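Got the structure open on your screen? Let's go through it together with a few questions and answers.

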Amino acid sequence: MRGRLTAGTMLAALLLNVALAGCGSGLPDGADGELADDWVPMAQVKAVLPEVGSCFDSRPAPSVNSFVKPVPCGDKHLAEVGHVGTFTGDTEPGTEQLAAAYAECDTKTADYLGGPWWRWRLQLHLTIPMSRAWDGGARWFRCDLVEVSAANYDEAWTERTGSLKGDKPAALLLGCANAVSKDDRIDSMTEASCSSAHNAEYIGFFRAPRTLPYPESDRQWFALYRQCSELAAGYVGVSTSQWFRLSTIAWPAYPEAWAAGDRRVRCVVYFGTKKIKKTAKGTKGKGLPGF
């Protein structure tokens, strides 16, 4: 409570002032002698509503103080607000409400960016008010867009200058990459030009069902691979019945974010030890390994 009086201390101070004033001729004009009848109840005090297009230099976090001030987007910052939505009801949001908010963020930030956020080297973070602000009536949620140094790593946040709305640097657009596997897992991915030799290409994104647990078993991972492969089939331009001919990499959100309702999964088509020097998009399988 540094530099601020508690409500009890404020009341004591007011009582002292009134007691001292009682030695005078009477109450000032407009005073009725009732101390608390005109006070706004604490639960009705609402925090500042975030604005679309504002930028923040603080690290993304699940919840924030409602009074954190934005910075000019022309200055260095980490997050840019692509949409502000509203929760309904008085109960703090659970996984179901958070998952619905993420889905709304996906749609609304696409309008802001001019395309779905996952096409670029960006991440989408959902930010909600802290419990104290919620108790005070705040019901907003922020859809924060954050540039990352590597699309397949959470928290690889990087500072940027300038707004993401409108024209964006070409280097932010995701395309092809070189993936390195280790012990049957992808150890790293480095972005590459699609005209140079590469063995992977970012092809899409989906949100897993709310009921799906974070993948740990082979069966759970297969459910993600299957959906990524079906996306890959559409990307390549072949029938979905040929999904099994396309190996894919599935990059889900990290476990803590998954448990909090963020069921994002990035999909990458993967050619293993084989490499190509063109995009796989629209090739109908021609010239691709496995076809």
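Q: Which residues does Leu-246 touch, not counting residues up to four places away in sequence?
A: Keep in mind that we're looking at a predicted model here. With sequence neighbours up to four places away set aside, Leu-246 touches Ser-229, Ala-232, Ala-233, Val-236, Val-238, Val-269 and Phe-291.

Q: Which residues touch the most other members of the largest nonpolar core?
A: That core has 21 residues, and a few of them stand out by how many other members they touch. Leu-246 is one of these, and the full set is Phe-206, Leu-246 and Val-265.

Q: Which element gives the largest share of this core?
A: The elements giving two or more residues to the core are S8, helix H4 (218-236) and S10. The largest share is seven residues, and it comes from H4.

Q: How many residues are in the other core that lies apart from it?
A: This other core includes Leu-113, Trp-117, Trp-120 and Leu-124. Its full count is 20 residues.

Q: Which residues are linked with Asp-262 in a network of salt bridges?
A: Start with one pair: the side chains of Asp-262 and Arg-207 meet in a salt bridge at 2.8 Å, N to O. Asp-262 sits in the loop between helix H5 (255-259) and strand S10 (264-270) while Arg-207 is in strand S8 (residues 200-207), so the pair ties together parts 55 residues apart in sequence. The network links Asp-262 with Asp-106, Arg-207 and Arg-264.

Q: Is Asp-262 buried or exposed?
A: The cut-off for buried is under 20% relative accessible area. Asp-262 comes in at 2% relative accessibility, so this residue counts as buried.

Q: Where in the chain is Arg-121, which pairs with Glu-191?
A: The Glu-191 and Arg-121 side chains meet in a salt bridge, 3.0 Å from N to O. The pair links distant parts of the chain, 70 residues apart, with Glu-191 in strand S7 (residues 185-192). Arg-121 is in the loop between helix H2 (95-113) and strand S4 (122-129).

Q: Which partner in the Glu-191 and Arg-121 salt bridge is partly exposed?
A: Arg-121 has 12% relative accessibility, so that side of the pair counts as buried. At a relative accessible area of 32%, the partly exposed partner is Glu-191.

Q: How far apart are the closest N and O atoms of Asp-144 and Arg-142?
A: Asp-144 counts as buried at 1% relative accessibility, and Arg-142 counts as buried too, at 6%. They form a salt bridge, and their closest N and O atoms are 2.7 Å apart.

Q: What is the strand order in the open sheet of five strands?
A: The pairing in this sheet is mixed. Strand S1 (55-56) and strand S2 (63-64) are the edge strands, each pairing on one side only. Reading across, the order is S1-S3-S5-S4-S2.

Q: How many bridges join S4 to strand S5?
A: S5 covers residues 140-147, and the two strands run antiparallel. Leu-122 stands opposite Glu-147 in S5. The count of bridges joining S4 to S5 is six.

Q: At about what angle does H2 run to S4?
A: H2 lies across strand S3 (79-86), S4 and S5. Its angle to S4 is about 125°.

Q: What percentage of the residues in the protein is buried?
A: The secondary structure comes to five helices and ten strands, and the protein has 291 residues. Buried residues make up 41%.

Notes: Residues numbered from 1 in each chain as written. Predicted model: local features only at pLDDT ≥ 70, side-chain atom pairs only at ≥ 80, totals over all residues. Heavy atoms only, no water. Salt bridge = Lys/Arg side-chain N within 4 Å of Asp/Glu carboxyl O. Helix = DSSP H or I, 4+ residues; strand = E, 2+ residues; numbered from the N terminus. Buried < 20%, exposed > 50% of the residue type's maximum accessible area, 1.4 Å probe, protein only. Core = buried A, V, L, I, M, F, W, Y, C linked by side-chain atoms within 4.5 Å. Contact = heavy atoms within 4.5 Å. Pairing = 2+ DSSP bridges. Axes fitted to C-alpha atoms, helices over the stretch in contact; angles between N-to-C directions.
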